[in-house]
Amino acid sequence: MKQFSIIVLFLMLVAPFSMNAQLVGKITSADGPVIGANVVATPGDRGVITDIDGNYSLDLGAGTYTVTVSYTGYANQKREVTLTEGQRMTWDITMSEDAEVLNELIVVGTRLAPRSSTSTPLPVDVLSAKELQSTGQTTFDKGLQYRVPSFNTVQTPVNDATALLDPYEIRNMGPSRTLVLINGKRKNSSSLIYTQTSPGKGESGADISAIPTDAIERVEILRDGASAQYGSDAIAGVMNIILKDDADLGSFTLRTGITHKGDGALIGLSVNDGVSTGENGFLNYTVDVSKVTLANRPGTVSAEGEIADFTDGSAEAIQEVNDFLALKPDAGNINGSPETTAAKFLVNGGIDVNKNLEMYYNAAYVYKKVNSFANYRTPYWRTTDYGLLTEPGQPYLGYLPTFEGDLNDYNGTVGFRSTKNGWISDASFTTGGNQQTYSVNNTVNHNLGKASPINFKPGGTAFSHNVGNIDITKALNDIISIGFGSEFRTENFEIIEGDTASYAQGGADSFAGNTSDVSNKFNRYNFGGYFDLGVDITEDFLINGTVRLENYSDFGNAFVWKASSRYKFLDDKMTLRGSVSSGFRAPSLHQIYVQKTQYSFVPGGGIEVEGLVNNVSPQAKLLGVPQLEAEKSLNFTVGVGARVNDHLSLTADYYNIRVNDRIILGNTVGRTGDATNPLDILLDDFGIVSVNYFSNAMDTRTSGVDFVANYRRVAVGPGQMNFNLSANYTIENQRIGDVRNPELIENSGQTVVDPTLEALMFTSRPKFKGILGIDYNIKDFTVTLGNTLFGPTKFRNAGMDRGLQIEFVTKVVTDLGLSYRLMDDKITLAFNANNIFNILPKWNFAALDADGEAILADAAATQNQSNLITFNQRYPTMTYDGYHFSQLGAMFNLSCNVRF
């Protein structure tokens, strides 16, 4: 109701006025009227798009304006006009195709000549940098969260290594099934693989949060499988980030922000500028530095839960717990969002060598430093620090281990693109890498006792790749276009050894280091080729087909294909489109070789040591775990688009994705209690209480609907209003068939896929998500109002009774943005109040059977279940497994952009 009221108030503020001057005209090309061209006048950013006859009518006030006309694949037209009160001026324009513009244009999803997003047979979202910045979010990934319904990301409840980057996904398919491109070239993956019990478990993806928003021109998100065009990983979709190429304009932006609780303070400064290089070249660069302080959202810890988990129930032990919690009601825990410092550097450039040949290049480097914390070790949980952490003469009150992460990420591309006799060829080399190393301080190795250090270097991970691409395309005639090419890629993964004390005899308390026997360097290569054929049977009817063959040095061949089509009718006002394709995702080097000992939360037992054994280890062979194979997918998409008039457009797309042999990091399996059971004997030999591993354990199906509606450039009073309504609804997201367990585990009565893991994979992201955005522009002033609807999510938390699940209820988060341009648009001041109603995630228990109903009818039993899944209320808002949007509440950001 609050959201509805503010929308009504927002609209009431817009009083009806009329403009007193008009610019009209018709825009044509050699092929006839140009439909949907943008005509924008500045200052004021007031604009319209041309109708089906190429006509436009732009209402303006008296004054002098710079009017820009643009359309995909055509050279921009600019003109300065001066209008007097009551004047009606006519400006007719003939646009011409710009070969350079066409060559540089990349619309993701095709290997043929570029097409606009309206003529592609595939669902593609195109977002400008301005749209992302208007969200007020401080990083690129969080901006996408509030602009793209099928995109989800959230900070994990427990940080550790995941504090360095948050898992994200498109269409609830996990981060590793979305391919990320920079200017059409593959971005390197992160070296981190998520191993905590949180969404994205067992997967890794590119670190998109490291990309400075000020360096981005636009983002193209293909919501369809594209393995045939791009190779491995492109099962759920492809994200193509296009960098700025402006050589004339520059600006710097100062950003500040804070949460409603006065923590999580932000300070940041970025510079984006461009220069000409020679007569026909450009270089655009961005430098972005920022720091965000810690935001803490601890809960009030339950004494009853602590007593049950950590004591023998004696009067003395109970008194110790109560005395400590009286001193520290939150048990000293710090959880929320960590302190993060980042420095980002990026350049993008190109130069015309001659009229037929262009050289292009880009490079980026990012450094991130994150300071976070493990769970506080209370004095009744860890009964001593051996005098190493407590000052002499002071009572022992436990200790708080810190976790510090250092991330270095880089990528770069150099290439040549030529146009000769209708052939367009592109040859490029791309390199990239990501390294994460960790420090754990203010803790001890309990098995070393007084000989333990208090500062540890547990090592880390590193990943790099080198990619060579050759892509060639030609329109043979007006009907047939062909494209073909090849890719060679080498990948390197390294597990960096920790210092001996970090892993010896159990390792550092909170985060054990990488041992010498699992630390190593691993490598593989693959070679692939594709052929693409496009047939424009008529101007309205397009058929496209692609085949691809890949060979991997470690698991063999993969053959995939794709067929797509598009049909336009009703004078291009309606479009039908669809595709069907096969795909694959190679097991990552991380999934094949990661092996570690880790501390994990065990409900009712605190933190225990678990072992992750890699897929090629002797332990895995003893467990009967087969070697990993590539995932195989079958994608089907069908959609409809409508351009109702020059203001209103609609698209709706249905998708269905089946993944066979899906790779998962399975649930931990532990001792059965029978000392003669072969599984118990193996775990005793391994020296761990439980074990998990990666395997092709299941088949899955995901289906749903995406909807996008835009109502743009509508004259309202003295200004102009834009509406955007977009939504994603998941119809089906579930396992198909039985789980494939090794015989040893099956015979022990256990499984690698339990209800907890199934919930993380299939119901931990919103069932539906919708975004309603409204912005109003009046001369130099812009107001934006965004409402994001987060649908319900469901979890089956570890340790919780099997008759229960928790459900995060549907919530709406409202964001308000205000911006004002002054000094002829040279300065822009912007204020964003995100989550202005301070809406927080809220969860409830739900009974699944009669046993669950009996628990919920008993207040004490219900409280016990709540303690189990929140670590005795340390994590009351989001539980220990996750949640569906930020728990930080209202946040306020102020920025000042100065153009020079």
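Which residues are exposed on the other side of helix 7? Keep that in mind while we look at the helix from its buried side, and remember that this is a predicted model.

Helix 7 covers residues 315-327. With 13 residues at 1.5 Å a residue, it should span 18 Å, and the end C-alpha atoms sit 19 Å apart, so the expected and modelled lengths agree. Within this helix, Ala317, Val321, Phe324 and Leu325 are buried. Look down the axis of helix 7 and its buried residues fall within an arc of 95 degrees, so they line one face of the helix. That fits a general pattern: an α-helix has 3.6 residues a turn, so residues three or four places apart point the same way. Now for the opening question: on the other side of helix 7, the exposed residues are Ala315, Glu316, Ala326 and Leu327.

What sits over the buried residues? Part of the cover for helix 7 comes from helix 6, residues 303-310. Both helices turn up again in the largest nonpolar core, as helix 6, helix 7, strand 43 (804-808) and strand 46 (843-847) are the elements that give two or more residues to it. This core has 29 residues, and Leu325, Ile806 and Phe845 are the ones that touch the most other members. So you've already met Leu325, one of the buried residues of helix 7.

Ile806 is worth a stop too. Setting aside its neighbours within four places in sequence, Ile806 is in contact with Thr793, Lys794, Phe795, Asn797, Met800, Trp843, Asn844, Phe845, Ile869 and Thr879. Apart from this core lies another one, made of 22 residues, including Phe140, Ile211, Ile216 and Leu243.

Let's finish with strand 1, residues 21-29. Seven of its nine residues are buried, so strand 1 is largely enclosed by the rest of the structure. Which strands does it pair with? Strand 5 (residues 55-60) pairs with strand 1 in the antiparallel sense, over six bridges, and here Lys26 stands opposite Asn55. Strand 8 (residues 88-90) pairs with strand 1 in the parallel sense over three bridges, with Arg88 as the bridge partner of Gln22. Strand 9 (residues 93-94) also runs parallel to strand 1, joined to it by two bridges, and Thr28 stands opposite Thr94 there.

How values were computed. Residues are numbered from 1 along each chain as its sequence is written. This is a predicted model: local features need pLDDT of at least 70, side-chain atom pairs count only at pLDDT 80 or more; totals for chains, interfaces and linings use all residues. Side-chain values use heavy atoms; hydrogens and water are left out. Buried means under 20% relative accessible area, exposed over 50%, partly exposed in between (1.4 Å probe, protein chains only). Helices (H or I, at least four residues) and strands (E, at least two) are DSSP runs, numbered from the N terminus. Two strands pair if DSSP finds at least two bridges between them. The expected span of a helix is 1.5 Å times one less than its number of residues. The arc is that of the directions from the helix axis to the C-beta atoms. Contact means heavy atoms within 4.5 Å. A nonpolar core is a set of buried Ala, Val, Leu, Ile, Met, Phe, Trp, Tyr and Cys residues joined through side-chain atoms within 4.5 Å.
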